[in-house]
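Student: I am new to this structure. Please give me a close look at one part, the aromatic side chains, and then walk me outward from there.

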Amino acid sequence: MESTSLTAKWKHSLLYLSLIYATLYYLHHQISDKLQISQPKVHLKKNPDLPLRFRYDGTFKILQVADMHYGMGMVTRCRDVLPSQFDYCSDLNTTRFLKRIIEAEKPDFIAFTGDNIFGTSTTDAAESMIEAFGPAMESRLPWAAVLGNHDQESTMNREELMYFVSLMDYSVARTNPLGEDLSNPAKGEIIENIDGFGNYDLRVYGPAGSQLANSSIFNLFFLDSGDREIVQGIRTYGWIKESQLRWLRGVSEGILQGQKQDSSRSPALAFFHIPIPEIRQLYYQKIVGQLHEAAACSIVNSGVLQTFVSMGDVKAVFMGHDHTNDFCGNLDGIWLCYGGGIGYHGYGRAGWPRRARVILAELGKGENAWTGVERIKTWKHLDDEKLSKIDEQVLWEDLHWR
């Protein structure tokens with residue numbers, strides 16, 4: 001009798017276990033997708049068509065975007081706007097303006113000159129950068145960026161930020177230059193004995209199918225101007241260091257050596273965030289655009305302007321940092337230009353529209369072929385109803401080709 005009872009209990013237990021197993025099997029196959037923790041998908045970077053090159057009509061257009069100061073999207077409110085301008089204003093107004101100007105100008109390249117995000121206004125630097133650079137990635141245009149003094153104030157340091165930027169879709173930015181940019185270091189290795197993160201150069205080639213298609217005829221230099229530093233107990237803004245200038249001189253000389261002897265030196269532009277101290281000399285000279293605030297630059301003068309002058313190829317410099325300055329002025333033959341702040345979360349001037357700068361390089365035309373960069377022009381667009389175009393000017397002309 002006892003044996004029969006044990007057998008019955010065993011059968012009952014076995015039936016019970018079978019029921020549990022069947023239930024678990026059902027749950028696994030029917031609702032497991034809802035119960036599992038999602039795994040991040042592997043994302044392969046989308047690259048633009050390279051190299052950068054002039055269009056068939058002999059033009060190359062750059063959109064400079066300065067001081068987006070992006071926070072956390074819709075919840076991040078605007079600063080310094082009139083109540084009559086918007087019913088509700090947030091980071092999305094910055095995004096909307098950037099999309100408008102990309103669509104209107106259809107640039108070949110976008111250059112972001114720092115303070116892309118406002119670190120203290122975001123809890124996730126990576127997410128804010130994805131949103132800030134979103135319109136550039138959606139456009140599928142090649143773009144690059146340098147950092148300002150506010151980008152690193154959140155969850156990523158400057159090196160991490162630049163590395164992240166370099167991995168984003170259609171970005172051609174680099175954390176720092178490769179060895180091939182100098183004459184001695186091993187080719188392809190990252191140069192480590194250089195200050196900052198985000199020092200690199202980009203070459204622009206002639207139109208496809210032309211005799212200049214395989215020639216670098218226009219050069220873009222990007223430099224990390226740092227964030228904040230303390231000098232002899234005084235808190236000041238960062239500056240471009242000697243190691244960066246040494247690298248820049250080496251790149252410029254290498255480009256010159258690679259050019260044909262009978263050609264003029266290819267012009268170059270430089271992009272960085274914090275203005276150099278010499279910008280203050282323009283307070284008392286003729287400028288194109290508006291000066292609304294004193295330049296916030298370092299107390300250290302590291303000789304950037306003198307370096308550009310001695311190199312001979314840099315024709316204009318484009319900066320950000322001071323949001324309500326949007327002028328261009330010439331010192332020692334080099335134009336120093338502000339982008340004018342585009343970001344609505346960054347400080348501005350109530351009633352003064354946010355703005356962005358466009359730079360256009362044009363090739364000269366001989367009897368049967370393009371001859372090289374002949375002219376560099378610039379203008380700005382305002383974020384108003386008509387996307388007004390203002391302050392168009394010629395920055396540089398090469399009479400060699402005429």
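Tutor: Start with the count: the structure holds 13 aromatic pairs. Keep in mind that this is a predicted model. Take one pair, F60 with F218. Their rings meet edge-to-face. The centres are 6.4 Å apart, and the planes stand at 75° to each other. Now place the two residues on the chain. F60 belongs to strand β2, residues 59-65. F218 belongs to strand β6, residues 216-222. The two are 158 residues apart, so this pair links distant parts of the chain. Both F60 and F218 are buried.

Next, look at F327 and Y338. This pair is edge-to-face too, with 75° between the planes. The distance from centre to centre is 5.1 Å. F327 sits in the loop between β10 (314-319) and β11 (328-331), while Y338 is in strand β12, residues 334-338. The pair therefore ties together parts that are 11 residues apart in sequence. How accessible are these two? F327 has a relative accessible area of 1%, which is under the 20% cut-off, so F327 counts as buried. Y338 also has a relative accessible area of 1%, and Y338 is therefore buried by that cut-off.

Aromatic residues also gather in a group. F109, Y200, F222, F271 and F318 form one aromatic cluster. Find these five in the 3D view and trace the cluster from ring to ring.

Rings can face charges as well. K241 lies over the face of W239, at 4.4 Å from the ring centre. At W379, the ring has the charged end of K389 over it, 4.1 Å from its centre.

Move outward now, to a residue that is not aromatic. I276 is in the loop between β9 (268-271) and α7. Its relative accessibility is 6%, so I276 counts as buried. Beyond its close neighbours in sequence, those within four places, I276 contacts C297, V304, L305, M319 and L336. I276 and S298 are 22 residues apart along the chain, yet their C-alpha atoms are separated by 7.2 Å.

V304 leads on to a pair of helices. V304 is one of the α7 residues that meet α6. Helix α6 covers residues 242-257, and helix α7 covers residues 304-311. Their axes are 11 Å apart and make an angle of about 10°. The two helices are therefore roughly parallel to each other. From α6 come L245, L248, R249 and S252; from α7 come V304, T307, F308 and M311. By class, this contact has five nonpolar, two polar and one charged residues.

Finish with the backbone. Most residues other than glycine have a negative phi, and most peptide bonds are trans. Three places here are worth checking against that. L50 and P51 are joined by a cis peptide bond, with omega about 5°. P51 is in the loop between α1 (2-35) and β1 (52-53). D67 is not a glycine, but its phi is positive, about 60°. D67 lies in the loop between β2 and α2 (91-105). With a relative accessible area of 2%, D67 is buried. D115 also has a positive phi, near 50°. D115 is in the loop between β3 (109-113) and α3 (125-132). Its relative accessibility is 1%, so D115 counts as buried.

Terms used
Residues numbered from 1 in each chain as written. Predicted model: local features only at pLDDT ≥ 70, side-chain atom pairs only at ≥ 80, totals over all residues. Heavy atoms only, no water. Axes fitted to C-alpha atoms, helices over the stretch in contact; angles between N-to-C directions. Helix = DSSP H or I, 4+ residues; strand = E, 2+ residues; numbered from the N terminus. Parallel < 35°, antiparallel > 145°, perpendicular 65-115°, else oblique. Contact = heavy atoms within 4.5 Å. Nonpolar A, V, L, I, M, F, W, Y, C, P; charged D, E, K, R; others polar. Phe/Tyr/Trp six-rings, centres within 6.5 Å; stacked < 30°, edge-to-face > 60°. Buried < 20%, exposed > 50% of the residue type's maximum accessible area, 1.4 Å probe, protein only. Lys NZ or Arg CZ within 6 Å of the ring centre and 35° of its normal.
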